[in-house]
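Open the model in your viewer with the sequence panel beside it. The stops below say what to select next and what is found there.

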Amino acid sequence: MLRALELALRGRGFVEPNPMVGCVIVRNGEIVGEGWHEAFGGPHAEVKALDAAGKAAFDATMYVTLEPCCHEGKTPPCSQAVIDAGIRRLVVAHDDPFPQVAGKGISQLKEAGIAVEVNVLRQEAREINLPYFALVEAKRPWVVAKWAMTLDGKIATTNGDSRWISNEQSRAIVHQIRGRVDGILVGAGTLLADDPQLTARPPGPRTATRIVVGSEKSWRRDSRLLQTAEDAPVLFAATTALSAAEKKSLRAAGCDYFQAENSILELIDELGYRRMTNLLVEGGGETIGSLFDLDVIDEVHVFVAPKITGGREATAAVAGRGVATIADAFSLHAPEVQLLGEDVYVCGRVRHRDGAWGYKSSRTAGQ
């Protein structure tokens, strides 16, 4: 199963909104077939492993990180392929919460006489697919916050200068993250101050929708986002009511729009409706702070440079209301720390206010 989990990770960025799945087939103590879900719409891990094993799959044991599907989707049901191949025993790490599966695949395989064992390395399997579970169970994307800051916690000087706080190694990792997410969100302040392009360079397996939250007055008609709208989608999340003329103007510029005047949580729900699995929030401090206040940030990637700018008015990495006591502070679960040249890179999952290390529904966030 550890090998199957290792294989599953090869699909990151390629398979969303599907889950990452790995599969290993063993007969007489030897691996006879391996596979993983390689691309959305392509063959699932079980089918790839069965193809690799051929006739050796008969009377063998299959290890798979997620319950085999039992419905006709973009591909035929994997459960029937497992039955037809003559698999004798099936070991599953985690059941699939997708409504059309949700235990039905396991039941079908048991009814066919296959010995099924479930929950082997369940937690490990769940952790690699937390964004998928967030989308299926909470109907919203997994929200990842990223920022680069100085030792004194600033993301820009008092004059607004921020290029470059982090080094090239740190920025290369940011581009890798951008290349495997479905959306990249910034506030209008970042758009006005930095005129970011918000693309992965070099390109990754996914092309993210660039999302700007703000009023129509903050929209820069000469922005690089607008100029590259044909290359990567742009979504304007309006916090004030858009007129018919403003909507027409955005459409003419090649941009989509969404009315989010009541709460940014409406936007999070909308992105889930659009089947976005991973959302990267790049700031600035007010945007990231507001999402922390609402308790919807699930994971952080922070790059700390050995620089000190000072300045009372310099922009803080995380603003918003904040917490009242240190005991209320958000913390990371088993954070990973890495030295990138002179920069320190810290990443990890965020503990929510209810104590969970996973995700919360945006419908209950902030409560």
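Begin with Phe292, which is buried, at 9% relative accessibility; buried stands for under 20% relative accessible area, exposed for over 50%, and partly exposed for what lies in between, with a 1.4 Å probe and protein chains only. This is a predicted model, in which local features need pLDDT of at least 70 and side-chain atom pairs count only at pLDDT 80 or more, while totals for chains, interfaces and linings use all residues. Residues are numbered from 1 along each chain as its sequence is written, and side-chain values use heavy atoms, with hydrogens and water left out.

**Stop 1: the aromatic cluster**

Keep Phe292 selected and add Phe330: the two form a tilted aromatic pair, 5.1 Å centre to centre with 50 degrees between the planes. Rings of Phe, Tyr and Trp (its six-membered ring) pair if their centres lie within 6.5 Å; planes under 30 degrees apart are called stacked, over 60 edge-to-face, and the rest tilted. This pair links distant parts of the chain, with Phe292 in helix H12 and Phe330 in the loop between strand E12 (299–304) and strand E13 (332–340), 38 residues apart. Helices (H or I, at least four residues) and strands (E, at least two) are DSSP runs, numbered from the N terminus. Phe330 is partly exposed, at 25% relative accessibility.

The search of the whole structure finds four aromatic pairs. Now add Trp147, which pairs edge-to-face with Phe292 at 6.5 Å centre to centre and 75 degrees between the planes. Trp147 belongs to strand E6 (residues 142–149) and Phe292 to helix H12 (residues 285–293), so this pair ties together parts that are 145 residues apart in sequence. Trp147 is buried, at 11% relative accessibility. Together, Trp147, Phe292 and Phe330 make one aromatic cluster.

**Stop 2: helix H12**

Extend the selection to the whole of H12. Seven of its nine residues are buried, so the helix is largely enclosed by the rest of the structure. The buried ones are Gly285, Thr287, Ile288, Gly289, Leu291, Phe292 and Asp293. What do the buried residues of H12 pack against? Their partners are E6, E7, helix H11 (264–273), E11, E12 and E14, where contact means heavy atoms within 4.5 Å. Just after H12, look at Asp295, which takes a positive phi of about 65 degrees.

**Stop 3: the largest pocket**

Select Thr190, Asp194, Glu282, Gly283 and Gly284. The largest pocket holds about 1,100 Å³ of space, and of the 44 residues that line it, these five are the closest to its centre. On a 1 Å grid over the protein atoms alone, a pocket is an open set of points where a 1.4 Å probe fits, with protein on both sides within 12 Å along at least five of seven lines; lining residues have an atom within 4 Å of a point. Grid points are joined across faces, edges and corners, and the volume is the space filled by probe spheres set on the points.

Two or more lining residues come from each of E6, helix H7 (168–178), strand E7 (183–187), helix H8 (188–194), strand E11 (278–283) and H12. By class, the lining has 19 nonpolar, 16 polar and nine charged residues. Ala, Val, Leu, Ile, Met, Phe, Trp, Tyr, Cys and Pro count as nonpolar, Asp, Glu, Lys and Arg as charged, and the others, Gly among them, as polar.

**Stop 4: the second largest pocket**

Select Arg12, Glu127, Arg180, Glu299 and His301, which lie nearest the centre of the second largest pocket among its 31 lining residues. Its volume is about 810 Å³. E13 gives the largest share of this lining, five residues. The lining divides into 16 nonpolar, eight polar and seven charged residues.

**Stop 5: backbone details**

Go to Arg163 and Trp164, joined by a cis peptide bond with omega about -15 degrees; Trp164 is in the loop between E6 and H7. Another cis peptide bond joins Arg201 and Pro202, with omega about 0 degrees. Pro202 is in the loop between H8 and strand E8 (209–214).

Asp195 is also found in the loop between H8 and E8. Asp195 has a positive phi of about 45 degrees although it is not a glycine, and it is buried, with a relative accessible area of 15%. Finish at Asp59, in the loop between helix H2 (45–53) and strand E3 (61–64), where phi is near 65 degrees. Asp59 is partly exposed, at 38% relative accessibility.
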